[in-house]
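Visitor: Before we look at any details, could you walk me through this structure and explain the terms as they come up?
Guide: Gladly; here is what we will be looking at.

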Amino acid sequence: MDTNSQKAKMAKCVNAVLEYFDLSKNQLFAHRRYRNIVYARHILMCFLYDVGITKVEIGRICGGLDHATVCKGMERIKGLCDVYPEVKNDMEVIRKLIDER
């Protein structure tokens, strides 16, 4: 994948998550573990992985996390989607925001 294309897709994902959760980049990528911020960060990880970014790179983007943390966060969101319709809805709305950009 073209590096510029990948960066553009990454920016779309980040901006959609920031907009949906009404967060700043500093809040999203800080080493804070507030539930709402961690939730948004985990959702971002799923979208970044979907556009072809490696788990190691996602960890770097998300504030220096290791790939195991990224894997765990993505698994958590996928599990929550299966149980809670609200999480699945969040994912669908953010997907639409990304596609509109």
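Guide: On a 1 Å grid over the protein atoms alone, a pocket is an open set of points with protein on both sides within 12 Å along at least five of seven lines, and lining residues have an atom within 4 Å of a point. A volume is the space filled by probe spheres set on the points. By that reckoning the largest pocket has a volume of about 240 Å³, and among its 15 lining residues the closest to the centre are Arg33, Val38, Arg41, His42 and Thr69.

Visitor: How do you know what kind of model this is, and how are the residues counted?
Guide: It is a predicted model, in which local features need pLDDT of at least 70 and side-chain atom pairs count only at pLDDT 80 or more, while totals for chains, interfaces and linings use all residues. Residues are numbered from 1 along each chain as its sequence is written, and side-chain values use heavy atoms, with hydrogens and water left out.

Visitor: What makes Tyr20 and Phe21 an edge-to-face pair?
Guide: Rings of Phe, Tyr and Trp (its six-membered ring) pair if their centres lie within 6.5 Å, and planes over 60 degrees apart count as edge-to-face. The rings of Tyr20 and Phe21 have centres 4.9 Å apart and planes at 90°, so this pair is edge-to-face. Phe21 and Tyr39 also form an edge-to-face pair, at 5.7 Å centre to centre with 85° between the planes.

Visitor: Why is the pair of Phe21 and Tyr39 said to tie parts together?
Guide: Phe21 lies in helix α1 (residues 3–21) and Tyr39 in helix α3, so the pair ties together parts that are 18 residues apart in sequence. Helices here are DSSP runs (H or I, at least four residues), numbered from the N terminus.

Visitor: Why is Tyr20 called partly exposed?
Guide: Buried means under 20% relative accessible area, exposed over 50%, and partly exposed in between (1.4 Å probe, protein chains only). Tyr20 has 28% relative accessibility, so Tyr20 counts as partly exposed. Phe21 and Tyr39, by contrast, are buried.

Visitor: Is Asp22 buried or exposed?
Guide: Asp22 has a relative accessible area of 70%, so Asp22 is exposed. Asp22 lies in the loop between α1 and α2 (25–29), and its phi is near 55°, a positive value in a residue other than glycine.

Conventions: On a 1 Å grid over the protein atoms alone, a cavity is a set of points where a 1.4 Å probe fits but cannot get out, and a pocket is an open set with protein on both sides within 12 Å along at least five of seven lines; lining residues have an atom within 4 Å of a point. Rings of Phe, Tyr and Trp (its six-membered ring) pair if their centres lie within 6.5 Å; planes under 30 degrees apart count as stacked, over 60 as edge-to-face and the rest as tilted. Helices (H or I, at least four residues) and strands (E, at least two) are DSSP runs, numbered from the N terminus.
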